[in-house]
Amino acid sequence: MHNLDFSPLFRATVGFDRMADMMDRVLSADVAEPTYPPYNIEKKAADAYRISLAVAGFSEDELNVELRENALIVSAKKGAEEKGLSYLHRGIATRAFERRFQLADHIRVTGASHENGMLHIDLVREIPEALKPRRIEIGRGETMDVKSVEADPASAPAKAA
């Protein structure tokens, strides 16, 4: 597979450099995508999401969830092992990891919970009022007075319950 050149995209657009960088990262074949720990991304409602990671063997104190520059970073580091333990079979991986998720604009982390070996991170999309669709009232006559009316409930996106 050959590499794609996104430089024409940079010349013709303003403010889309993050998207071009993300496409470049996705299409680069030289970086292997980590598979540990396994995870799910669920769509709970129109504007609500949940990321669930299987983190068996880690306690809440050994897990770290951080939001940095539109990136959600989940990491874990196992504490010191008890001495004197001897395993006949060790199939539960408790190696340190760091998993990154790129978040779209206006996505906010609302909370995280750890139960039954799963780490759940809840997210919601909150579109600012200035970016929501709004209805513009059309006036009669020659006046150029444009008034904006509150968001039309029929055209506004559904809110998560």
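Glu 126 is partly exposed, with 40% of relative accessible area, and this residue of a predicted model offers a convenient way into the structure. The partner of Glu 126 is Arg 108, with which it forms a salt bridge whose closest N and O atoms lie 2.8 Å apart. This pair links distant parts of the chain, since Arg 108 belongs to strand β6 while Glu 126 sits in the loop between β7 and β8 (136-137), 18 residues apart. Arg 108, at 41% relative accessibility, also counts as partly exposed. In general, side chains of opposite charge can pair when their charged atoms come close.

From Arg 108 one can move into the sheet that contains β6. That sheet is open and has 4 strands, in the order β1-β2-β7-β6, with antiparallel pairing. Because β1 (39-45) and β6 (107-115) stand at the edges and each has a single partner strand, one side of each is left without a neighbour in the sheet. Neighbouring strands of this sheet are turned against each other by 20° on average, when direction is ignored.

The contacts between these strands can be followed from one edge to the other. Starting from β6, the pairing with β7 is antiparallel and extends over 8 bridges, and within it His 114 stands opposite Leu 119 of β7. The hairpin made by β6 and β7 has 2 residues between the strands, and in this hairpin Asn 116 takes a positive phi near 55°. On the next step across the sheet, β7 pairs with β2, again in the antiparallel sense, over 7 bridges, and here Tyr 49 is found opposite Leu 123 in β7. The last step joins β2 (residues 48-54) to β1 through 6 bridges, the two strands running antiparallel, with Ala 45 standing opposite Ala 48 in β2.

Charged side chains add further contacts to this part of the model, and the structure as a whole holds 6 salt bridges. One of them brings together the side chains of Asp 122 and Arg 50, at 2.7 Å from N to O. This pair, too, links distant parts of the chain, with Asp 122 in strand β7 (residues 118-125) and Arg 50 in strand β2, 72 residues apart. Asp 122 counts as partly exposed because its relative accessibility is 24%, a value that does not fall under the 20% limit used for buried residues. Another salt bridge is formed by the side chains of Glu 42 and Lys 44, at 3.8 Å from N to O. Both residues of this pair are partly exposed, Glu 42 at 28% relative accessibility and Lys 44 at 49%.

A further sheet can now be considered. It is open and has 3 strands, in the order β3-β4-β5, with antiparallel pairing. Here β3 (63-68) and β5 (97-102) stand at the edges, each with a single partner strand, so that one side of each is left without a neighbour in the sheet. The twist in this sheet averages 15° from one strand to the next.

Strand β4, which lies between β3 and β5 in the strand order, deserves a separate look. On one side, 6 bridges join β3 to β4 (residues 71-76), and the two strands run antiparallel. Within this pairing, Leu 63 stands opposite Ala 76 in β4, and Arg 68 has Ala 71 as its bridge partner in β4. The hairpin of β3 and β4 has 2 residues between the strands, and Glu 69 takes a positive phi near 50° in it. Strand β4 is also joined to β5 by 6 bridges, with the strands running antiparallel, and in β5 the bridge partner of Val 74 is Arg 99.

The surroundings of β4 can be read from its side chains. Ala 71, Ile 73 and Ser 75 point one way from the strand, whereas Leu 72, Val 74 and Ala 76 point the other way, and all of these residues are buried. Because 6 of the 6 residues of β4 are buried, the strand is largely enclosed by the rest of the structure.

How values were computed
Residues numbered from 1 in each chain as written. Predicted model: local features only at pLDDT ≥ 70, side-chain atom pairs only at ≥ 80, totals over all residues. Heavy atoms only, no water. Pairing = 2+ DSSP bridges. Axes fitted to C-alpha atoms, helices over the stretch in contact; angles between N-to-C directions. Salt bridge = Lys/Arg side-chain N within 4 Å of Asp/Glu carboxyl O. Buried < 20%, exposed > 50% of the residue type's maximum accessible area, 1.4 Å probe, protein only.
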